[in-house]
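Trainee: Could we go through this model together? I would like to see how each label follows from its value.

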Amino acid sequence: MKKEFNITGLCFPAEHYMADVSRKLARTYDLVELGKYFIIHRPRQYGKTTLLHSLADMLRKTGEYIVFNTSFEGIGDVIFTDEKIFAPGFVRLLARYSTAYAPFLTGWLESKVSGTKNLEDVSAVITEMAAQTDKKIVLIIDEVDKSSNNQLFVSFLAMLRSKYLDRYSFKTFHSVVLAGLHDVKSLKLKLRPEEEQKYNSPWNIAAEFKVDMNLQPAEIKPMLEEYAKDRIVDLNAAEMADSLFYFTSGYPFLVSKLCKMMDEELLPEKAELSLTIDDLEKAVAMAVKETNTNFDSLIKTLEQYPELYQLVSNILMEGEEPQYSVHDPVVSLGLLHGILKNGRGISVHNKIYESIIYDYMTSKAQSKILLAGYNVIKHFRTPDRRLNMELVLLKFQTFMREQYSGKDRDFLERNGRLMFLAFLKPIINGAGYEFKEVQISEERRLDVVVTFYRHKYIAELKIWRGEEAHREGLDQLADYLDRMALHEGYLLIFDHANKKTWNSGWTEVRGKKVFVAWV
């Protein structure tokens, strides 16, 4: 069977190229073996369901466990509106999922459905069921937060907690594993005040799930090696894995997405069976222009939560390094949806998300200020397929100067970097792409790396913070140009002084030529 890179649903080793997540799986297995009750909460398309499926299969093969690997996906909200509907529905769910790991229980569970009227009956069924086997019983519920805003859901969780705690008194669940987008122990449930007091937190017995679900380069590399060997494709697996991590920060969906694009869209167009970092960069440029449920959800979430939108804007456009606690509600929201990550400070999760957010924000900015006439494409492209970046900066300077009226001044001051990205976008569109990278420093600069045909240009965007910071910035730019093996660079300075100089010109820094323009 021909394998492929999968970006939807479960991944199966026989059908799909998969990263080596054996260490993640082993750590999760250890939690079950220790009899833990834990929650796996990660953003959508993060490999949770595949991990649970592999976990259930691993447990089954030991011969020591009966695993109910269930899911609330697709059962509908109506089942959570009435205990008389939910109780038999849950037993029916157990019966359905018992066929894979404990078929001898299927008929017995089905016979209990009609007599199950409430959660107390469900509890009794679980006790009776456990008494029928000497194996350890593991309950897994995927998509557990599908309908989580009512008292019945809280009551169900409390029942599970009670059954789990009873395992030292009589046989019941050995381990309980819940998975979903939300950390259900921190959900703000829509309860009436008297109901809110009904149960103490059902989570004071939950173990922390500290397994990093992001794919590391060492986990991506074996997948690429298998692919290269299977398809006879020449590629440097270690280098490609590092670059995939650079662009995706290991977000599983994005890793598979880029691999799939290189394999199915770029490789067939090449004369030779080989993939390079240039191909990966092309895949990134193609990906950020696509629409899919993952990217749509990203934008929808930002629009739904204005405070999160503003925080992300501050990080990307102003180079701010928020000193927020992960317990800050806005930061928690960003972490929950996989938009932010908590490493050395809070930042946008990956460079692909950064690019999508930049493009979205620039398109919004474009609608507020008329750019037509200033960034006509043909003015900036040379006959030898190069980009006249000096003219790009000068024309943008002209645009800012002529648009710098009292009416627009505040908007342009706040959104200057955004306006430059909106100005640049149509100029390189179709012939290149750009990557943006925030550099946290005194200058809070934003680096824009433009690839135009086979040529690269580095443009730094920074806010004027005095001569000393300016000299340091030029020195940093010279270092960057050296690393990129380039001789020339470009610096756009946003000066918020009331009286602007509108200066521009070339300067030399440590053997590098830098064109500087003030706006």
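Mentor: Gladly, and keep in mind that this is a predicted model. Let's start with Ser347, which lies in strand β6, residues 345–348.

Trainee: Why is Ser347 called partly exposed?

Mentor: Its relative accessibility is 23%. Buried requires under 20% and exposed requires over 50%, so Ser347, at 23%, counts as partly exposed.

Trainee: What does Ser347 touch, leaving out residues up to four places away in sequence?

Mentor: Ser347 touches Ile315, Ile339, Leu340 and Lys341. There is also a distance to Gly334: the two are 13 residues apart in sequence, and their C-alpha atoms are 9.7 Å apart in space.

Trainee: Gly334 belongs to α14, I think. What makes α13 roughly perpendicular to α14?

Mentor: The axes of α13 (residues 306–317) and α14 (residues 329–336) cross at roughly 85 degrees and come within 9 Å. Angles from 65 to 115 degrees count as roughly perpendicular, so α13 and α14 get that label. Glu307, Leu308 and Leu311 in α13 meet Val330, Val331, Leu333 and Gly334 in α14. By class, those residues are five nonpolar, one polar and one charged.

Trainee: Then how do you know whether α3 is roughly parallel or antiparallel to α4?

Mentor: Helix α3 (residues 83–101) and helix α4 (residues 103–112) pack at an angle of about 165 degrees, with axes 7 Å apart. Over 145 degrees counts as roughly antiparallel, so that is the label for α3 and α4. The crossing of this pair is left-handed. From α3, the contact is made by Val91, Leu94, Ala95, Ser98, Thr99 and Tyr101, and from α4 by Pro103, Leu105, Thr106, Leu109, Glu110 and Lys112. These divide into seven nonpolar, three polar and two charged residues.

Trainee: And what makes α5 roughly parallel to α6?

Mentor: The axes of α5 (residues 119–130) and α6 (residues 151–165) cross at roughly 30 degrees and come within 10 Å. Under 35 degrees counts as roughly parallel, so α5 and α6 qualify. Their crossing is right-handed. Leu119, Val122, Ser123, Ile126 and Thr127 of α5 make the contact with Leu152, Ser155, Phe156, Met159 and Lys163 of α6. Six of these residues are nonpolar, three polar and one charged.

Trainee: In the loop between β3 (136–142) and α6 sits Glu143. What is notable about the phi of Glu143?

Mentor: Glu143 has a positive phi of about 50 degrees, although it is not a glycine. Most residues other than glycine have a negative phi. Arg385 is likewise a residue other than glycine with a positive phi, near 60 degrees, and is found in the loop between α15 (351–366) and α16 (389–403).

Trainee: Is Glu143 buried or exposed?

Mentor: Glu143 has 13% relative accessibility. The cut-off for buried is under 20%, so Glu143 counts as buried.

Trainee: Why is Val509 of strand β11 (residues 504–509) given its burial label?

Mentor: Val509 has a relative accessible area of 11%, so against the under-20% limit Val509 is buried. Leaving aside neighbours within four places in sequence, Val509 is in contact with Leu474, Asp475, Ala478 and Val514. Its C-alpha atom is separated by 9.7 Å from that of Asp479, 30 residues apart along the chain.

Trainee: Why is helix α11 (residues 277–287) described as largely enclosed by the rest of the structure?

Mentor: Because eight of its 11 residues are buried. These are Ile277, Asp279, Leu280, Glu281, Ala283, Val284, Ala285 and Ala287.

Trainee: How many disulfides does the structure hold, and which burial label goes to Cys11?

Mentor: The structure holds zero disulfides. Cys11 has a relative accessible area of 18%, so Cys11 falls under the 20% limit and is buried. Cys259, at 3% relative accessibility, also counts as buried.

Trainee: And what share of the whole protein chain is buried?

Mentor: Of its 519 residues, 53% count as buried. The chain has 19 helices and 12 strands. Among contacts between residues at least 6 apart in sequence, 71% join residues at least 24 apart.

Definitions and conventions:
Residues are numbered from 1 along each chain as its sequence is written. This is a predicted model: local features need pLDDT of at least 70, side-chain atom pairs count only at pLDDT 80 or more; totals for chains, interfaces and linings use all residues. Side-chain values use heavy atoms; hydrogens and water are left out. Axes are lines fitted to C-alpha atoms, for helices over the stretch in contact, and angles run from 0 to 180 degrees between N-to-C directions. Helices (H or I, at least four residues) and strands (E, at least two) are DSSP runs, numbered from the N terminus. A crossing is left-handed if the near helix is turned anticlockwise from the far one by less than a right angle, and right-handed if clockwise. Contact means heavy atoms within 4.5 Å. Ala, Val, Leu, Ile, Met, Phe, Trp, Tyr, Cys and Pro count as nonpolar, Asp, Glu, Lys and Arg as charged, and the others, Gly among them, as polar. A disulfide is a pair of cysteine sulfur atoms within 2.5 Å. Buried means under 20% relative accessible area, exposed over 50%, partly exposed in between (1.4 Å probe, protein chains only).
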